[in-house]
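Student: Could you give me a close look at one part of this structure, the nonpolar core, and then link it to what surrounds it? I'd like one connected explanation rather than a list.

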Amino acid sequence: MACLAGAVAVSGSSGRAFAIVDEIQVYTDDLDAAGQSGLELHVNTTPSGRKTANYEGDLPPYHGWRVTPELSWGLGHDFDWGLYLPSATDGHGNWYLGGAKLRVKWLPVRAAEGGSGWYLGVNNELSRLTKKFSESPLSDEVRFIGGYRAGSWLIGVNPILDWALSEGYRGSPEVTLAWKAVHDVAKGIAVGAEYYNGLGTLADRLPRSEQERTLYLVTDIERKAWSLNFGVGYGLTPATDKWTVKAIFGFSFE
């Protein structure tokens, strides 16, 4: 997520612990080199979706905007790390700061720059968020990263486990499966699809109609110093927001 890049937290004795979807992204073979830094700005909005709160203090997504800058640094030895500072508006334009997330990514298997081959790694993300952003203030996400880059194709998959760490919300982790497939149509421009499926918890899979399932049509633009991922998503189940629009603006610095 989230989910979903930063998607939902986990179930505990008081039930599911929901969280705002502030990062909608499938992790692939991107990694900051040692000494390199980057900035990504995650932006998404929900023109048609849930209008009511899932819990007391929740910020419903309908007509709201989620804006999250992510700062990243390359550590070398196949590691980089990042810091997220999520924020969001409600449907009336009121702005809220959400707390912070800290992540560490390890990507030991990947092709050389510009080459083809498999990639494999893992990302761990620790979050401390306000009540408007997550029912459980503390949570931890483990995202497995895998896929293949070959010629004009890029395919990726992220199985994601998300644990609530705050007392009263701990339990079996929420499970999300995200995948991506894009094909180059011009130099530095690819089009394709991303799919995000919230399955329930590891111990208790939800019925299909209660799962969050969103299919995005996406365009990726890659340039030397900047990038853009833009997508329009459609919810495939009654439990899913009907329409979501997302963009990730990326900038790299030596």
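**The core and its surroundings**

Tutor: Let's start with the largest nonpolar core, which has 15 residues; the members that touch the most others are Ile-145, Val-182, Tyr-196 and Tyr-216. Two or more residues of this core come from each of the strands β12, β13 (189–201) and β14 (212–222). Keep in mind as we go that this is a predicted model.

Now zoom in on Tyr-216. Leaving out residues up to four places away in sequence, Tyr-216 touches Ile-24, Gly-192, Ala-193, Glu-194, Tyr-196, Gly-231, Val-232, Gly-233, Thr-244 and Lys-246. Tyr-196 turns up in that list, and Tyr-196 is also among the core members with the most contacts inside the core.

A good companion to look at is Thr-214, which sits in strand β14. Is Thr-214 buried or exposed? Thr-214 counts as buried because its relative accessible area is 9%, and the cut-off for buried is under 20%. Setting aside neighbours within four places in sequence, Thr-214 is in contact with Glu-194, Tyr-195, Tyr-196, Gly-233, Tyr-234, Gly-235 and Thr-240. Compare the two contact lists: Glu-194, Tyr-196 and Gly-233 appear for Thr-214, and they appear for Tyr-216 too.

Some of these names carry charge. Glu-194 and Lys-246, which Tyr-216 touches, belong to a network of salt bridges together with Lys-180 and Asp-220. Here's the idea behind that: side chains of opposite charge can pair when their charged atoms come close. Over the whole structure, a search turns up 11 salt bridges.

Next, move to the surface. About 720 Å² of nonpolar patch is made by Val-157, Leu-177, Trp-179, Leu-215, Phe-230, Val-232, Tyr-234, Leu-236 and Trp-243. The elements giving two or more residues to that patch are β12 (174–186) and β15 (226–235), and β15 has the largest share, with three residues. There is a link back to the core here: β12 gives two or more residues to the core as well. The contacts tell a similar story, since Val-232 of the patch touches Tyr-216, and Tyr-234 of the patch is in contact with Thr-214. As for Trp-179, that residue lies in strand β12 and counts as partly exposed because its relative accessibility is 32%. A general point helps when you look at strands: in a regular strand the side chains alternate between the two faces of the sheet.

How do the neighbouring strands join up? β15 and β16 pair in the antiparallel sense over nine bridges, with Trp-226 having Phe-251 in β16 as a bridge partner. Strand β16 (residues 243–253) also pairs with strand β3 (residues 37–48), again antiparallel, over 10 bridges. One of the bridge partners there is Trp-243, which matches up with Ser-48, and Trp-243 is also part of the nonpolar patch.

The core we began with has company. Apart from it lies another core, made of five residues, among them Leu-59, Ala-88, Leu-129 and Phe-133. Leu-129 takes us on to Ala-100, which touches Leu-129 along with Leu-83, Tyr-84, Leu-85, Pro-86, Leu-126, Ser-127 and Arg-128, again not counting residues up to four places away. Ala-100 is found in strand β8 (residues 99–109) and counts as partly exposed because its relative accessibility is 28%.

Strand β8 brings us to a last stop, Arg-103. Glu-70 forms a salt bridge with Arg-103, with the closest N and O atoms 2.9 Å apart. That pair links distant parts of the chain: Glu-70 is in strand β4 (residues 65–76), Arg-103 is in strand β8, and they are 33 residues apart. Arg-103 also meets Asp-80 in a salt bridge (2.9 Å, N to O), this time linking strand β8 to strand β5 (residues 79–84) across 23 residues. Are these charged residues buried or exposed? Glu-70 counts as buried because its relative accessibility is 4%, Arg-103 is buried with a relative accessible area of 3%, and Asp-80 is buried as well.

Methods
Residues are numbered from 1 along each chain as its sequence is written. This is a predicted model: local features need pLDDT of at least 70, side-chain atom pairs count only at pLDDT 80 or more; totals for chains, interfaces and linings use all residues. Side-chain values use heavy atoms; hydrogens and water are left out. Helices (H or I, at least four residues) and strands (E, at least two) are DSSP runs, numbered from the N terminus. Buried means under 20% relative accessible area, exposed over 50%, partly exposed in between (1.4 Å probe, protein chains only). Contact means heavy atoms within 4.5 Å. Patches are made of residues with over 30% relative accessible area and no salt bridge: like charges are joined within 9 Å, nonpolar side chains (Val, Leu, Ile, Met, Phe, Trp, Tyr) within 5 Å. Accessible areas come from the Shrake-Rupley method with a 1.4 Å probe; for residues, only the protein chains shown count as cover. A salt bridge is a side-chain nitrogen of Lys or Arg within 4 Å of a carboxyl oxygen of Asp or Glu. A nonpolar core is a set of buried Ala, Val, Leu, Ile, Met, Phe, Trp, Tyr and Cys residues joined through side-chain atoms within 4.5 Å. Two strands pair if DSSP finds at least two bridges between them.
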